[in-house]
Amino acid sequence: MADLHDSGKNVAAVKVIMYATGWCPYCRRAESLLRDKGVAFDWIDIEDHPGRREEMMRLSGRRTVPQIWIGEQHVGGCDDLFALEQSGQLDAMLSV
Ligand SMILES: N[C@@H](CCC(=O)N[C@@H](CS)C(=O)NCC(=O)O)C(=O)O
């Protein structure tokens, strides 16, 4: 169901999940930041797996992609991920 995107450097102590689509620029931007951090994450393409779109909406209360979880915590979308980076909280959340 989910593809494991392994950047090859660090393995985050927590599971990172991103619901996404292949064409979405916000998804690519978020992916790029996670890759820069060197963490592996599960990429769930909601177009390849339509049932996962409903799952994403139910779990997040949002309809846009990406939607990102770090462990049990719903981070939100790309802007939310970058806000955590800007505030210096992201590394601790990722344990990197
Ligand atoms: N501010 C959001 C923007 C996300 C966004 O607009 N994603 C687009 C795809 S690139 C989307 O899901 N559009 C569908 C919709 O608006 O219903 C973020 O940072 O994640």
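Here are a few notes on strand 2 and its surroundings in this predicted model.

1. Let's start with how covered the strand is. All 5 of the 5 residues of strand 2 (residues 16-20) are buried, so the strand is largely enclosed by the rest of the structure. Both faces take part: Val16, Met18 and Ala20 point one way, while Ile17 and Tyr19 point the other way, and all are buried.

2. Now the neighbours. On the antiparallel side of the story, strand 2 is joined to strand 4 (residues 67-70) by 4 bridges. If you want a residue to look for there, Met18 has Ile68 as its bridge partner in strand 4.

3. Strand 3 (residues 41-45) runs parallel to strand 2, and 4 bridges join the two. Here Tyr19 stands opposite Ile44. To get from strand 2 to strand 3, the chain passes through helix 1 (residues 25-37), and this β-α-β crossover is right-handed.

4. Have a look at the core as well. The largest nonpolar core has 23 residues, and Met18, Tyr19, Ala30 and Ile68 are the ones with the most contacts inside it. At least two residues each come from strand 2, helix 1, strand 3, strand 4, helix 3 (78-86) and helix 4 (90-94). Strand 2 gives the most to this core, with 5 residues.

5. Tyr19 deserves its own point. Leaving out residues up to four places away in sequence, Tyr19 touches Ile44, Ile46, Arg52, Met56, Val65, Pro66 and Gln67. Ile44 in that list is also the residue that Tyr19 stands opposite in strand 3.

Technical notes: Residues numbered from 1 in each chain as written. Predicted model: local features only at pLDDT ≥ 70, side-chain atom pairs only at ≥ 80, totals over all residues. Buried ≥ 20, exposed ≤ 12 C-beta atoms within 10 Å, placed from the backbone. Pairing = 2+ DSSP bridges. Right-handed = clockwise from strand over helix to strand, strands pointing away. Core = buried A, V, L, I, M, F, W, Y, C linked by C-beta atoms within 7 Å. Contact = placed C-beta atoms within 7 Å.
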